[in-house]
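Visitor: Hi, could you walk me through this protein model? I am new to this, so please take it step by step.

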Amino acid sequence: MAKPIPTVWLAQYGVVNDGPGIEMPHAELKYSTDLDIDPNAILAEIETVILEHDDNAGDCKGRGYPTDHYHHSHIHISVALLAKAHRDEKFFQALSGALETRIKQMIPIPCYFSLGLEILPALYVAGPYEP
């Protein structure tokens with residue numbers, strides 16, 4: 001099960017970003033190519049789980065990075081969200097646990113698994129770009 005997030009998590013990031021703007025969580029998968037996984041399905045599931053915990057989170061941009069160069073079968077998942085007042089330690093613990101459970105159900109063979117949640121800084125800028 002997911003390890004608890006330290007209670008000092010918010011202090012590290014200072015100001016909570018509760019202003020107007022576009023929510024755009026990010027997810028990245030890095031995995032060894034011997035794993036028979038569907039990275040697009042996992043990324044879609046990550047977005048679904050985030051929205052189940054915070055229906056205002058918006059689209060979760062995601063990327064998958066398969067590699068043929070590895071030592072031991074593994075998958076490493078990073079999920080990044082903005083700090084918000086309602087995203088407290090309890091929120092991140094629940095989200096981490098749900099993500100771990102749901103993603104592991106999509107991996108058909110034994111491997112090393114790591115999942116990290118990241119809190120983006122308050123001055124992080126993201127959104128659609130149209131020239």
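**Overall layout**

Guide: Reading along the sequence, the chain follows the pattern α-β-α-β-β-α-β, and please keep in mind that this is a predicted model.

Visitor: OK, so how many helices and strands does the chain come to?

Guide: The secondary structure of the chain comes to three helices and four strands.

Visitor: And what order do the strands have in the sheet?

Guide: The four strands form an open sheet with the order β2-β1-β3-β4, and the pairing in this sheet is mixed. At the edges are β2 and β4 (112–120), each of which pairs on one side only. From one strand to the next, the twist averages 10°.

Visitor: Let's take β1, then. Which sense does its pairing with β2 have, parallel or antiparallel?

Guide: Strand β1 and strand β2 (residues 61–67) pair in the parallel sense, over seven bridges. As an example of this pairing, K30 stands opposite Y65 in β2. Between these two strands, the chain crosses from β1 through helix α2 (residues 39–53) to β2, and this β-α-β crossover is right-handed.

Visitor: What about β1 and β3, how many bridges join them?

Guide: Six bridges join β1 to strand β3 (residues 74–82), and these two strands run antiparallel. K30 comes up again here, since it stands opposite H76 in β3.

Visitor: Why is β1 largely enclosed by the rest of the structure?

Guide: Strand β1 (residues 26–32) has seven residues and five of them are buried, so the strand is largely enclosed by the rest of the structure. For the chain as a whole, buried residues make up 34% of the 131 residues.

Visitor: And how many bridges join β3 to β4?

Guide: Nine bridges join β3 to β4, and these strands run parallel. One residue pair to look for is H74, which stands opposite Y112 in β4.

Visitor: Switching to helices now. Which strands does α2 touch?

Guide: Helix α2 packs on the sheet, where it touches β1, β2 and β3, and its direction makes about 145° with that of β1. Helix α3, for its part, lies across β3 and β4 and runs at about 145° to β4.

Visitor: How do people describe two packed helices?

Guide: Two packed helices are described by the angle between their axes and the distance between the axes. In this model, the axes of α2 and α3 (residues 89–104) come within 10 Å and cross at roughly 150°, and the crossing is right-handed.

Visitor: Which residues make that contact?

Guide: On the α2 side, the contact includes I42, I46, V49 and I50, while the α3 side includes F91, A94, L95 and L99. By class, the contact of α2 with α3 has ten nonpolar, two polar and three charged residues.

Visitor: Let me pick I50. Is that residue buried or exposed?

Guide: I50 is found in helix α2, and because its relative accessibility is 1%, under the 20% cut-off, it counts as buried.

Visitor: And what is I50 in contact with, leaving aside its neighbours in sequence?

Guide: Leaving aside the neighbours within four places in sequence, I50 is in contact with P25, A57, C60, V79, L81 and L95. P25 is 25 residues from I50 along the chain, and the C-alpha atoms of the two are separated by 8.6 Å.

Visitor: One more: how many of the contacts in the chain join residues at least 24 apart?

Guide: Among contacts between residues at least 6 apart in sequence, 83% join residues at least 24 apart.

Key
Residues numbered from 1 in each chain as written. Predicted model: local features only at pLDDT ≥ 70, side-chain atom pairs only at ≥ 80, totals over all residues. Heavy atoms only, no water. Buried < 20%, exposed > 50% of the residue type's maximum accessible area, 1.4 Å probe, protein only. Pairing = 2+ DSSP bridges. Right-handed = clockwise from strand over helix to strand, strands pointing away. Axes fitted to C-alpha atoms, helices over the stretch in contact; angles between N-to-C directions. Left-handed = near helix turned anticlockwise from the far one by under 90°. Contact = heavy atoms within 4.5 Å. Nonpolar A, V, L, I, M, F, W, Y, C, P; charged D, E, K, R; others polar.
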